[in-house]
Amino acid sequence: MVQYQESRIIPLRIRSPHIEGTYSVRPDVSRDVLRLVDTRSVKPVPPFHTVERRMGAITMDNDGYGRYRGEVQIAKTNLPANANVNVIGYVIEEDHELLSLVRPGQKLALLPV
């Protein structure tokens, strides 16, 4: 919370070999996920690990979603598996309560543990 007081960036501890760093949440609100800005890709993102997305799951849209390919999201609630969405990591359970504090445009620091 010290980091938040100093920089207004919410730190989230994660388990993922695929992503880390500081990102902004999109200004348009989604009921079920936090959508991160500037994560889409023109490079192929093949489907893998297309499993149930439980709260705290970090996901990346794969080639099945076309122009949304590469977009990274964090699940705010439990969601079913989707063949077009890869689960690439998880916010650790102790930080799940922070997900409800995130606002549109908020910055997040994804910190591997």
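## Starting in the middle of the sheet

Let's begin with one pair of residues: Leu34 has Ile74 as its bridge partner in S5. That pairing belongs to a set of three bridges joining S3 to S5, and the two strands run antiparallel. One thing to keep in mind as you look around is that this is a predicted model.

Ile74 turns up again on another strand. In S5, Ile74 is also the bridge partner of Ile58. Here the strands are S4 and S5, which pair in the antiparallel sense over three bridges. What holds paired strands together in general? Strands of a sheet pair through backbone hydrogen bonds, and they can do so either parallel or antiparallel.

## The whole sheet

Now zoom out. How many strands form the open sheet, and in what order? There are seven, and they go S2-S7-S1-S6-S4-S5-S3, with mixed pairing. At the edges sit strand S2 (21-24) and strand S3 (33-35), each of which pairs on one side only. From one strand to the next, the twist averages 35 degrees.

Strand S1 shows you what "mixed" looks like. Strand S1 (residues 9-15) runs parallel to strand S7 (residues 107-112), and six bridges join them. Arg13, for example, has Leu111 as its bridge partner in S7. With S6, S1 pairs in the antiparallel sense, over two bridges. The bridge partner of Arg15 in S6 is Tyr90.

Is S1 enclosed or open to the outside, and why? It is largely enclosed by the rest of the structure, because five of the seven residues of S1 are buried.

## Two sides of S5

Back to S5, where you can follow the side chains one by one. In a regular strand the side chains alternate between the two faces of the sheet. In S5, Val72 and Ile74 point one way, Gln73 and Ala75 point the other way, and all of them are buried.

Which residues does Ile74 touch, once you skip those up to four places away in sequence? The list is Leu12, Asp32, Val33, Leu34, Gly56, Ala57, Ile58, Val91, Leu99, Leu108 and Leu110. Its bridge partners Leu34 and Ile58 are both on that list.

## Greasy cores

Ile74 is also a busy member of the largest nonpolar core. That core has 20 residues, and the ones touching the most other members are Leu12, Ile19, Ile58, Ile74, Leu108 and Leu110. Two or more residues come from each of S1, S4, S5, strand S6 (85-91), helix H2 (96-99) and S7. Which of these gives the most? S1 does, with three residues.

There is a second, separate core as well, made of five residues that include Val33, Ala57, Ala75 and Val87. Ala75 points the other way from Ile74 along S5.

## A charged network around Glu71

Not everything inside is nonpolar. Glu71 is found in the loop between strand S4 (57-61) and strand S5 (72-75). Is Glu71 buried or exposed? With a relative accessible area of 3%, Glu71 is buried, because buried means under 20%.

Glu71 has plenty of company there. Leaving aside neighbours within four places in sequence, Glu71 is in contact with Arg26, Arg35, Leu36, Thr39, Arg40, Thr59, Met60 and Asp61. The side chain of Glu71 makes polar contacts with the side chain of Arg35 at 3.3 Å and with the side chain of Gln73 at 3.0 Å.

Glu71 and Arg40 also meet through their side chains in a salt bridge (3.1 Å, N to O). This pair links distant parts of the chain: Glu71 is in the loop between S4 and S5, Arg40 is in the loop between S3 and S4, and they are 31 residues apart. Unlike buried Glu71, Arg40 is partly exposed, with a relative accessible area of 36%.

The charges don't stop there. Asp28 forms a salt bridge with Arg26, with the closest N and O atoms 2.9 Å apart. Asp28 and Arg35 meet in a salt bridge too (3.3 Å, N to O). Asp28 is partly exposed at 35% relative accessibility, while Arg35 is buried at 17%. Put together, Arg26, Asp28, Arg35, Arg40 and Glu71 are linked in a network of salt bridges. How many salt bridges does the count come to? Eight.

Terms used. Residues are numbered from 1 along each chain as its sequence is written. This is a predicted model: local features need pLDDT of at least 70, side-chain atom pairs count only at pLDDT 80 or more; totals for chains, interfaces and linings use all residues. Side-chain values use heavy atoms; hydrogens and water are left out. Two strands pair if DSSP finds at least two bridges between them. Helices (H or I, at least four residues) and strands (E, at least two) are DSSP runs, numbered from the N terminus. Axes are lines fitted to C-alpha atoms, for helices over the stretch in contact, and angles run from 0 to 180 degrees between N-to-C directions. Buried means under 20% relative accessible area, exposed over 50%, partly exposed in between (1.4 Å probe, protein chains only). A polar contact is a pair of N or O atoms within 3.5 Å; within protein, one must be able to donate a hydrogen and the other to accept it, and residues adjacent in sequence count only if both atoms are side-chain atoms. Contact means heavy atoms within 4.5 Å. A nonpolar core is a set of buried Ala, Val, Leu, Ile, Met, Phe, Trp, Tyr and Cys residues joined through side-chain atoms within 4.5 Å. A salt bridge is a side-chain nitrogen of Lys or Arg within 4 Å of a carboxyl oxygen of Asp or Glu.
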